[in-house]
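Work through these exercises with the sequence and the 3D view side by side. Try each task before reading its solution.

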Amino acid sequence: MVGMDMDSQLPESWEEARARRERERERETDRNELMQPHLQRPTRIVAIGGGTGLPMVLRGLAKRSAPKPGDPGVDITAVVAMSDDGGSSGRLRRLHGALPPGDIRNCLVALAGGRSALKEVFQFRFGGARGLAGHAVGNLLIAALAELKGDFMEAVRMSGELLGARGTVLPSTLASVQLVAQMHDDTEVVGERNICRAQGRVRKVTLSPRSPPPVEGLLEAIYTADLVAIGPGSLYSSLLPNLLVDGVAQALKETRALKVMVANLMTQPGETDGMSCLDHVQAVREHVGPVLDAVLVNGTLPAPDAMRRYGRRGSFPVDVDTRELIAAGVVPVRADLLKDGSRIRHDSRKVAACLLKMARSGL
């Protein structure tokens, strides 16, 4: 017979063709989900930090987390530094070998539902000078659950359920780590609380043990995020310790997420004296490499009387030179981020609105 090659591959069957088309549709769905996250699924934001800065970001994002018509909401993951060794957390570490629960507690409370009656209980601190004095109830509860269940992450999860937390809180590592600082005079200071008390400027920080393993789910959250927000907060004691956990810097370099530093409003006495916004960016780069795409900076000057009051304490506005930032390969995004009032603070709603706009537009 003419026109047929018996050795040629037969055309695919109807079933094979249907399976191939189904696989193509699945791949196209996955591709569209990544390209248009704000249209088809919640916007995924990972917020990294500690101290008071991270809860501020989380409060604003939590208010936008619930889906609405035309807005699928926000999927929030908070990543918290675990090197705190002061206050209630430090006492629990030293006396009971517990992981520090304080920053975890503050983040869970920030994500709690608006009507959660337990928020006030979690944040209550005992008075007095002995025994429970200075301990926050939430710290004791998290530590007790961790000992009862034998699992710190289960304690965090259960505490989040009790509070109705609208997001996930992850410690950056479950290793018992200490922060170690090399100062500009070549002295070494061990322990976060000692670093805060030390005189002089920090040159570099490391974790001991070095490169502790990340908590399960942390790297996956970074890889699948639409935006990773770093800060605001204490540069050396709240932000960098998270980035020094094994695999985190590499994940930040490889993820398709937009990586944004939320710039501090004011310098921190004894830690970032005289440092500009570019200096903060360069410090991150010197520790972990080029992991930042953009920096969100405040574009509104605080009231003069407030700046004078802060200046008497040795705290001054962080200088922002947009041309220097652009030359350094980081895109500056300027907006009004100030909260009303006599204190110089970020407004959580304004910060959240900016981050969401950046996440959904690509910048």
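**Exercise 1: two packed helices**

Helix 5 packs on helix 7 at an angle of about 110°, and their axes are 9 Å apart. The model is predicted: local features need pLDDT of at least 70, side-chain atom pairs count only at pLDDT 80 or more, and totals for chains, interfaces and linings use all residues. Residues are numbered from 1 along each chain as its sequence is written, and side-chain values use heavy atoms, with hydrogens and water left out.

Task: Classify the angle between helix 5 and helix 7, then list the residues in contact.

Solution.
- Step 1. Recall how the angle is defined: axes are lines fitted to C-alpha atoms, for helices over the stretch in contact, and angles run from 0 to 180 degrees between N-to-C directions.
- Step 2. Apply the classes: under 35 degrees is roughly parallel, over 145 roughly antiparallel, 65 to 115 roughly perpendicular, and the rest oblique. Helix 5 is therefore roughly perpendicular to helix 7.
- Step 3. Find the contact (heavy atoms within 4.5 Å). Helix 5 supplies Gly102, Ile104, Arg105 and Leu108, while helix 7 supplies Gly138, Asn139 and Ile142.

**Exercise 2: a helix beside this pair**

Task: Find the buried residues of helix 4 (residues 87–96) and what they pack against.

Solution.
- Step 1. Use the cut-off: buried means under 20% relative accessible area (1.4 Å probe, protein chains only).
- Step 2. Ser88, Ser89, Gly90, Leu92 and Arg93 are the buried residues of helix 4.
- Step 3. They pack against helix 5 (102–111) and helix 7 (137–149).
- Step 4. Look just past helix 4: Gly97 follows, with a positive phi near 65°.

**Exercise 3: the parallel sheet**

Task: Give the strand order of the sheet of 7 strands and name its edges.

Solution.
- Step 1. Check the pairing rule: two strands pair if DSSP finds at least two bridges between them.
- Step 2. The sheet is open, its order is 3-2-1-7-8-9-10, and its pairing is parallel.
- Step 3. Strand 3 (168–171) and strand 10 (331–335) each have a single partner strand, so one side of each has no neighbour in the sheet.
- Step 4. Zoom in on one pair: strand 2 (residues 74–80) joins strand 3 over 4 bridges. Val79 has Leu170 of strand 3 as its bridge partner.

**Exercise 4: the antiparallel sheet**

Task: Trace the sheet of 3 strands.

Solution.
- Step 1. This open sheet has the order 5-4-6 and antiparallel pairing.
- Step 2. Its edge strands are strand 5 (188–190) and strand 6 (202–208).
- Step 3. Strand 4 (residues 178–183) pairs with strand 5 over 3 bridges. Val190 in strand 5 is the bridge partner of Val180.

Technical notes: Buried means under 20% relative accessible area, exposed over 50%, partly exposed in between (1.4 Å probe, protein chains only).
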